[in-house]
Structure formats: structure tokens, C-alpha cells
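Me: I have a model open and would like to talk through its fold and packing with you. Could you take my questions one at a time?

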Amino acid sequence: MGINIVKLKNQLSYDQLTGVFKWNESGSGRRKSLIAGCVKKKGLNRWRRIVFDQQEYTCGQLAWCIMTGVFPDFIIDHKDGDSLNDKWSNLRSGDNCIDQRNSFRQVRNKTGCSGVRLNNGYYLAHIGNGSGNQKYLGCSKDLFEAICIRKKGELGLNYGEIHGTERP
């Protein structure tokens, strides 16, 4: 994407400690010093977006541009899972795999643990292997043991602290 980073820095200010963008000047439906952008919502997902140079961007993308001088060609992942928390310390580069490893538990989950499901009286533990496929980790008649198998599988794969927790 060909974003003009110099123009971006002239028109928007970014507070890396709060993650808030503000307009530096008034014009075209924006007022100086007001918080820039609006919150968009799709299903359970929400994010703040800003229209800049007639193109829509997420605040995470624009924060990355301002802080690094380069437009990201990857997903901006929010470490704490809050897509409205655009503090610089909460942003990291990622891909769909990293993003999934930092996701809340699905509402349709019946066992209370991501990657563990009941099948014919056994709890099966699976984990994503980064290529879009599931890797079988093991099974147990005991739910707690199956959860331990799954958690052990998460240790070496850079899963986020919030992965599998209930959405606030």
C-alpha cells in the first residue's frame, strides 16, 4: 500500500502510551484535537478505524506506520486481545496463526478449554500446528488430564495469556 507517512504524521498525532489518535488540524468533517476515527463492529469483533487520504485503515496499521515508518504487510495483533487498545506496547506483528493463538474461547465450546472436545466418552486434545491443520495431542477419560495435555502443547507455540479465556 502506498501510504504517505509524512502526510500521515502531519495530519494525525499518535500517543503511544494511550493508543489514541487525534487530528492535528480541522477540515473535511474533522476537528482539531478530537479523537480520530470511529469504532466499527462486525459480530463480536470491533476495532477503531480512520479514513486517511480517502482510504480506511485500522488504528493498529496507522500506529505501526508512525512508529516504524513502514506500512505493515501483516496482521497487527493486540497482545491483550482488546482490538480497541492501540497502545504501542500492546501491538505486535502477526499472521492469522498468531492472531488465533491470542483469541478468546469460542462461545460454542462445551468443555471450557479451547482444543479439547468430548468424543465417545473420551476428551480429545488438539492444537493448531501453524499450517491451518490440527495436530492430535492425546486423549483421556478425565477432562482435567485432557486440559493438561492441551496446555502442555500450548507452551512451545507462543500462545497468548488470554488464549481460551472467556471474552470479557
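What follows is a friendly exchange about this predicted model.

Me: Which strands sit at the edges of the open sheet with the order 3-4-5?

Reply: Happy to start there. Three strands make up this open sheet, and their pairing is antiparallel. An edge strand here pairs on one side only, and that holds for two of them: strand 3 (38-42) and strand 5 (55-58).

Me: How many bridges join strand 4 to strand 5?

Reply: Strand 4 covers residues 45-52 and runs antiparallel to strand 5. Across this pairing, Arg49 stands opposite Thr58 in strand 5. The number of bridges joining strand 4 to strand 5 is four.

Me: At about what angle does helix 2 run to strand 5?

Reply: Helix 2 takes in residues 59-68 and lies across both strand 4 and strand 5. Within the sheet itself, the twist averages 45 degrees from one strand to the next. Helix 2 runs to strand 5 at about 85 degrees.

Me: Which element supplies the largest share of the largest nonpolar core?

Reply: That core has 20 residues, and those with the most contacts inside it are Ile3, Leu8, Leu12, Phe21, Ile50 and Leu62. At least two residues each come from helix 1 (5-11), strand 1 (12-15), strand 2 (20-23), strand 4 and helix 2. The largest share is six residues, and the element supplying it is helix 2.

Me: Leaving aside neighbours within four places in sequence, which residues is Leu62 in contact with?

Reply: Nonpolar side chains tend to be buried together in soluble globular proteins. Leu62 is one of the residues with the most contacts inside the largest core. With those sequence neighbours set aside, its contacts are Ile3, Leu8, Leu12, Phe21, Ile50 and Tyr57.

Me: Is the aromatic pair of Tyr14 and Phe21 stacked or tilted?

Reply: Both partners are buried: Tyr14 has 13% relative accessibility, and Phe21 has a relative accessible area of 2%. Their ring centres are 4.7 Å apart. The planes meet at 35 degrees, so the pair is tilted.

Me: How far apart in sequence are the parts that Trp64 and Phe74 tie together?

Reply: Trp64 and Phe74 form an edge-to-face pair, 5.2 Å centre to centre with 85 degrees between the planes. Trp64 counts as buried at 15% relative accessibility, whereas Phe74 counts as partly exposed at 29%. Trp64 lies in helix 2 and Phe74 in the loop between helix 2 and strand 6 (75-78), so the parts are tied together across a sequence separation of 10 residues.

Me: Which residues form one aromatic cluster with Trp64?

Reply: The structure holds four aromatic pairs, and Trp64 with Phe74 is an aromatic pair. The cluster takes in another tryptophan as well. Trp64's partners in it are Phe74 and Trp88.

Me: Over which ring does the charged end of Arg30 sit?

Reply: A charge over a ring turns up with Lys141, which lies over the face of Tyr122 at 4.6 Å from the ring centre. For Arg30, the distance to the ring centre is 4.2 Å. The ring under its charged end belongs to Trp23.

Me: What is the phi of Gln54, roughly, and is Gln54 buried or exposed?

Reply: Most residues other than glycine have a negative phi. Gln54 lies in the loop between strand 4 and strand 5, and its phi is positive, near 65 degrees. With 81% relative accessibility, which is over the 50% cut-off, Gln54 is exposed.

Methods: Residues are numbered from 1 along each chain as its sequence is written. This is a predicted model: local features need pLDDT of at least 70, side-chain atom pairs count only at pLDDT 80 or more; totals for chains, interfaces and linings use all residues. Side-chain values use heavy atoms; hydrogens and water are left out. Two strands pair if DSSP finds at least two bridges between them. Axes are lines fitted to C-alpha atoms, for helices over the stretch in contact, and angles run from 0 to 180 degrees between N-to-C directions. Contact means heavy atoms within 4.5 Å. Buried means under 20% relative accessible area, exposed over 50%, partly exposed in between (1.4 Å probe, protein chains only). A nonpolar core is a set of buried Ala, Val, Leu, Ile, Met, Phe, Trp, Tyr and Cys residues joined through side-chain atoms within 4.5 Å. Rings of Phe, Tyr and Trp (its six-membered ring) pair if their centres lie within 6.5 Å; planes under 30 degrees apart count as stacked, over 60 as edge-to-face and the rest as tilted. A charge sits over a ring if NZ of Lys or CZ of Arg is within 6 Å of the ring centre and within 35 degrees of the ring normal.
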